[in-house]
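Here is a short note for a colleague who has not yet looked at this structure. The points below can be read alongside the sequence and the model.

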Protein chains: 2
Amino acid sequence: LDEPLEDISVDTIASNAGGLLSPALASADLTIAVDNNDTETIRKIIASLHPADSADFLRELPIQKRGVLLRALHAEMLSAVLSYCDETLREEALYELGVEKLASAVAELDTDDALEIIDELDEEDQQSILAAIPTEDRIVLQQALNYPESSAGRLMQRDLVAVPTHWNVGQTIDFLRGTDDLPDDFYEIFVLDAKHKPVGTIPLSRLLRTRRPAELKAVMLTDFRKIPLQMDQEEVAFLFRKYSLVSAAVVGENGELVGVITVDDVVQVIQEEAGEDLLKLAGVSGQEDFYRATFAETKARFWWLFVNLFTAVLASWVISLFDGSIQKIVVLAVLMPIVASMGGNAGTQTVTVVVRALAMRQISKGMAKKVLLKEGLIGLINGLMFAAVAGIISWFWYHDAWVSFILGAAMIVNLVAANVAGTVIPLALRKIGADPAIASVIFLTTVTDVVGFFAFLGMATAFLL
Amino acid sequence: LDEPLEDISVDTIASNAGGLLSPALASADLTIAVDNNDTETIRKIIASLHPADSADFLRELPIQKRGVLLRALHAEMLSAVLSYCDETLREEALYELGVEKLASAVAELDTDDALEIIDELDEEDQQSILAAIPTEDRIVLQQALNYPESSAGRLMQRDLVAVPTHWNVGQTIDFLRGTDDLPDDFYEIFVLDAKHKPVGTIPLSRLLRTRRPAELKAVMLTDFRKIPLQMDQEEVAFLFRKYSLVSAAVVGENGELVGVITVDDVVQVIQEEAGEDLLKLAGVSGQEDFYRATFAETKARFWWLFVNLFTAVLASWVISLFDGSIQKIVVLAVLMPIVASMGGNAGTQTVTVVVRALAMRQISKGMAKKVLLKEGLIGLINGLMFAAVAGIISWFWYHDAWVSFILGAAMIVNLVAANVAGTVIPLALRKIGADPAIASVIFLTTVTDVVGFFAFLGMATAFLL
């Protein structure tokens, strides 16, 4: 029992290949090896690299060379590298390697990584890959594919370490030493009752610090987060962040343990959600994918610009109502974009702050009124300031006190409208279950353009003509 | 040696207080206890809650009641709750509790959490708090305060587990069981050479799965990331994300181990950086703080609007160059905002995509030209499409083929300019060491306004008059 264990079956590629080569050095050698189609050398270098670095190298290779690298790897290496690749690279891998080989690589992965790859394929490819995967793994994957997209069920991995309540620390350690089929990396051990429900958890640091005879019951932490299978990944990320979790149990309908979510997956989610909010606010639709092809990217931006065109035409229509005034006082045409532009920018500030606060769960139910008041006040203060500044500028330009006065008054009206609309729009969208990031700015600029032009040109028509 | 260890000194408040109360139930009882100033009950309930939930409760209390709750807690509880509070709450805590009591709470915290609290105070308060902290802890904190802001040195904690190379697994486990003064939670053990340099690392799962006589030298992973003290936190977050790290060694100038960064701190950084980019792009300056007071928030938004005003005036000046044309053909005033608006929006899409890609390190050195080409092409394609759509709309409106033609031509020019500027501006800002998120949109809208009005009004003047 106390002999050294010869076979330490933790993934040797990913973490302990000696690290003899720096990524930069390896990169030069690897380029030569790929050019020469030298499978042996490619394998040797890839084995010495962290798979994340290999994935980087793969992305920087010219497209026509990527197949050479991919085909040179055996299943275990391939699966490690693929788990660090983005969607575009993975689709290419399927194309280069064919279903059989990709399936054998996917079968090597943890459930969550395997799922991520399969999920991105179209229905037909999914089925072929699944068919080529060993039955046991396949069943697990098919089950996971039935959970709603972006749910905890999709994010979790099935491989975990769980032990019964009546064990002690010594038995647990012996079990860990004696079992080969454990996850690559784990941070806590779950303690299960007879019905497979988790009743406690033991962080590994705690297990290591406790002597062998101690009962698990006495050592385990009983206050821990259980994540339901159906929980949305955004909510999962929120829990991890709030409670500083490193891993968490996922439970089924009857409270039984079905999987574990680890922080590395959650980091990915946080990163993605933040990026998606950013892009959505700027009107780039769909999933974040910087390496997307030009045409797909053009399409991802087209529709927002299309809707925006109609917003702009609506603003033009407002202007056209006053074309008589403009013809008489052309200064109005010169100054009117200032009011609209300032409103659009102030409102975008507000929308962004509110969308971000919603994403961070910082606006609880009773707070909407408070936020509205604060934003309205900010709009009013900045409106007053910029009424003064813009009024002074226009006075030096045109020496017409009435024009300056109307410009300033329109500025106040539009900045208050901008901040009120910038608060109400995302909150209302959230209330009806829509995504506040994606449409808020369009509605907002409609408001600020229409109010801005209407206030300025309307007051000018009333007072100057 | 094999007796059960009575005292399991892992933080009992944070994680193992029984979890008897749900946060919602506790909240009602706690409200009553705070109203009655009932210290005993407050302590009992807080002890049963996760400190993250207590921090939430504190934030939702009316301001004048928060002092009651804070004063009821003893140092250990207080430090746990404070480590989950935001800046505004912490400043309030200092005000409510006074230096002495806050210092005793801060002394209980891990270096990184303590630092975060101290860092936010002004110079004078910092010095008073530091003076009230026990010498040993104080020296560590003062040292850490000397590292550059946002560096790995600020992010790391000093408490870690490190053992010499010549030990075996059994010795390491005995050391862990026999030492009281270990960090609350740790995920790997560092193996140090005689010069205190880390030569290997052992994830706890690996240590647990290895039998006692195995030499650490044989078990440890030698390929691991070492983070220099000076590394920027954004870079640290990038490494954690890229290599899916849970913790990482921080090394000093001579390669000696000085601390460890854990993933929970990095999650915070990722969250903050993403939020800051979002707010900066929208022109809200400074650190993200949704609970900031109205006046501070107004100020945070003022300067961007101020700069934007001059951009808008510049655009107005361009329009004023053509006021003669507008007076003759008032339709120009009606249609001109369409060109500027579409350019601004298309350019913002590009700026956002590029800023995000820079933050995600997706644009390597040689790629700038490729990105510029792609973006220019997207601008051209969308320009052609919207030239057609806008041309048709304006034709139905004004039945003037020349006006439609000029509107379309200006649209193409401005959308290409928008996408080229949207790429070049953030890349150039990054090149000169400026933050591409904060100023890009201002420069961009200057370009799209000036180019948009100039192209449309200029062509109209040349062809229509």
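1. A word on naming comes before the loops and helices below. Helices are DSSP runs of H or I with at least four residues, strands are E runs of at least two, and both are numbered from the N terminus. The model is predicted. With that numbering, B:S150 falls in the loop that connects helix 10 (135-145) to helix 11 (152-155) of chain B.

2. What is the sign of phi at B:S150? The value is positive, near 60°, and the residue is not a glycine. Most residues other than glycine have a negative phi. B:S150 is partly exposed, at a relative accessible area of 30%.

3. A second serine belongs with this point. A:S244 also is not a glycine and has a positive phi, of about 50°. The loop that holds A:S244 runs between helix 15 (233-242) and strand 5 (247-251) of chain A. With 27% relative accessibility, A:S244 counts as partly exposed.

4. How are the chains related? A turn of 180° with a shift of 0.1 Å along the axis lays chain B on chain A, and the RMSD is 0.2 Å. This is the relation of a two-fold axis. Both copies use the same surface, since 100% of the contact residues of chain B recur in chain A.

5. How many salt bridges are there over all chains? The count comes to 30. One of them pairs A:E116 with A:R90, where the closest N and O atoms are 3.3 Å apart. A:E116 belongs to helix 8 (residues 111-119) of chain A and A:R90 to helix 7 (residues 87-107) of chain A, so the salt bridge ties together parts that are 26 residues apart in sequence. Are the partners buried or exposed? A:R90 is buried, with a relative accessible area of 4%, while A:E116 is partly exposed at 36%.

6. In chain B, a salt bridge joins B:E92 and B:R66, with 2.9 Å between the closest N and O atoms. B:E92 sits in helix 7 (residues 87-108) of chain B and B:R66 in helix 5 (residues 63-72) of chain B, so this pair links distant parts of the chain, 26 residues apart. B:E92 counts as buried at 15% relative accessibility. B:R66 also counts as buried, at 11%.

7. Another salt bridge in chain B is formed by the side chains of B:R225 and B:D223, at 3.6 Å from N to O. B:R225 counts as buried at 17% relative accessibility, and B:D223 is buried with a relative accessible area of 17%. Elsewhere, salt bridges with shared partners form one network of A:D53, A:D56, A:R59, A:D86 and B:K242.

8. Which residues form a nonpolar patch on the surface? They are A:L314, A:W317, A:L321 and A:F454, and together they have about 390 Å² of accessible area. A:L314 lies in helix 17 (residues 294-320) of chain A. At 35% relative accessibility, A:L314 counts as partly exposed.

How values were computed
Residues are numbered from 1 along each chain as its sequence is written. Chains are lettered from A and ligands numbered from 1 in the order in which they are written. This is a predicted model: local features need pLDDT of at least 70, side-chain atom pairs count only at pLDDT 80 or more; totals for chains, interfaces and linings use all residues. Side-chain values use heavy atoms; hydrogens and water are left out. A salt bridge is a side-chain nitrogen of Lys or Arg within 4 Å of a carboxyl oxygen of Asp or Glu. Buried means under 20% relative accessible area, exposed over 50%, partly exposed in between (1.4 Å probe, protein chains only). Copies are superposed by least squares on the C-alpha atoms of residues with pLDDT of at least 70 in both. Contact means heavy atoms within 4.5 Å. Patches are made of residues with over 30% relative accessible area and no salt bridge: like charges are joined within 9 Å, nonpolar side chains (Val, Leu, Ile, Met, Phe, Trp, Tyr) within 5 Å. Accessible areas come from the Shrake-Rupley method with a 1.4 Å probe; for residues, only the protein chains shown count as cover.
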